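Thanks for making time this morning. I have one chain to show, and I will put it on the screen before I say anything about it.

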Amino acid sequence: MSSIPTPSYPQHPPAGGRRKPRWAATAVLAAAALAGLTACSSADTPADQADAVTVAEPWAKAAEDGMTSVFAEMINDSGDEVTIVAASSPVSETTELHEVVLNAGVAGMQEKDGGFVVGADSSYLLEPGGDHLMLMDLIEPLEPGDDVPMTLTFDDGSTLRFSAPIRDFAGAQEDYGDLADHEESMHDEH
Ligand SMILES: [Cu+2]
């Protein structure tokens, strides 16, 4: 390890990758995760991802049973990217982070790979026809006028709670035409 071979292609020198190898970034992330786990008081951890995010204009689509969606704008006021990796609610058996994708021209839903990444000083919109929080296997009907308690979990382990008022929503029915298929396929996996 005392000598470094001369690069065969000096016109293509190794770029930033050599100075900041991938494992260094991983180590930093691991350290951040540990810090998040050991420091439980939010007052002591201003760097918590949850503390950087404000949830604006949340709402949930009214539903009798089955599955429905929660929408909001998530605003990141910090200079660092944050990632929402999970969500939960007491009104549903499971909650997933979904995106809408086209499969052979047909809109369908699937879990968002890697979660919802909110860039530094940016916002991330959850809206009908786009990304959303999917409440699956509702435990109780969601009636307009009530609120849905939601919890978001970030990849540093921090959590953010908010309430989503329930609204009737008649738009974007084309999205919900796929819900039956989606629900069936989800149940098939169980
Ligand atoms: Cu969905």
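I will go through confidence, then the strands and the core, then a few single residues.

Keep in mind that this is a predicted model. The mean pLDDT of the chain is 79, and 65% of its residues reach 70 or more. Two stretches fall below 50. One covers residues 6–29, and beyond near neighbours in sequence that stretch has one contact in the model. The other is residues 173–190, where pLDDT also stays under 50, and there the model has 14 contacts beyond four places in sequence. I will leave both stretches aside from here on.

Now the overall content. The chain has five helices and ten strands. Of its 190 residues, 23% are buried. If you take the contacts with a separation of 6 or more, 69% of them are between residues 24 or more positions apart.

Let me start with strand 2, residues 68–76. How many of its nine residues are buried? Seven are, so strand 2 is largely enclosed by the rest of the structure.

What does strand 2 pair with? It runs antiparallel to strand 1, and six bridges join the two. Within that pair, Ala60 stands opposite Val70. Strand 1 and strand 2 make a hairpin with six residues between them, and Gly66 in the turn has a positive phi of about 75°. Strand 2 is also antiparallel to strand 8, through three bridges, with Thr68 facing Leu135 of strand 8. Finally, strand 2 pairs in the antiparallel sense with strand 7, residues 123–126, over four bridges. The example there is Glu73, which stands opposite Leu125.

Next is strand 9, residues 147–154. Its side chains alternate. Val148, Met150, Leu152 and Phe154 point to one face and are buried, whereas Asp147, Pro149, Thr151 and Thr153 point to the other face and are not buried.

Strand 9 has antiparallel pairings as well. With strand 3 there are four bridges, and Ala86 stands opposite Thr153. With strand 10 there are seven bridges, again antiparallel, and here Met150 is opposite Phe162. The hairpin of strand 9 and strand 10 has four residues between the strands, and Gly157 in that hairpin takes a positive phi near 90°.

On to the core. Which residues have the most contacts inside the largest nonpolar core? That core has 30 residues, and the ones with the most contacts inside it are Val53, Val70, Leu133, Val148 and Met150. The elements that give two or more residues to this core include helix 3, which is residues 49–52, together with strands 1, 2, 3 and 6. Strands 8, 9 and 10 are also on that list. Two names from earlier come back here: Val70, which stands opposite Ala60, and Met150, on the buried face of strand 9.

Leu133 is worth a look on its own. Leaving out residues up to four places away in sequence, Leu133 touches Ser69, Val70, Ala87, Thr95, Leu97, Leu126 and Met150. Val70 and Met150 in that set are, with Leu133, among the residues with the most contacts inside the core.

Now Val85, which is found in strand 3. Is Val85 buried or partly exposed? It has 17 C-beta neighbours inside 10 Å, and because buried needs 20 or more, Val85 counts as partly exposed. Apart from residues up to four places away in sequence, it touches Gly115, Thr153, Phe154 and Asp155. Val85 and Val117 are 32 residues apart in sequence and 8.6 Å apart in space, C-alpha to C-alpha.

Last, two backbone angles you may want to check. Glu57 has a positive phi, near 50°, and is not a glycine. It is found in strand 1, residues 53–61. Glu57 is exposed, with 11 other C-beta atoms within 10 Å. Asp137 also has a positive phi without being a glycine, at about 55°. It lies in strand 8, residues 132–138. Asp137 is partly exposed, with 16 other C-beta atoms within 10 Å.

That is what I have, and I can put the structure back up for questions.

Definitions and conventions
Residues are numbered from 1 along each chain as its sequence is written. This is a predicted model: local features need pLDDT of at least 70, side-chain atom pairs count only at pLDDT 80 or more; totals for chains, interfaces and linings use all residues. pLDDT is the predictor's confidence in each residue, from 0 to 100. Two residues are in contact if their C-beta atoms, placed from the backbone, lie within 7 Å. A residue is buried if 20 or more other C-beta atoms lie within 10 Å of its own, exposed if 12 or fewer, and partly exposed in between; C-beta atoms are placed from the backbone. A nonpolar core is a set of buried Ala, Val, Leu, Ile, Met, Phe, Trp, Tyr and Cys residues joined through C-beta atoms within 7 Å. Two strands pair if DSSP finds at least two bridges between them.
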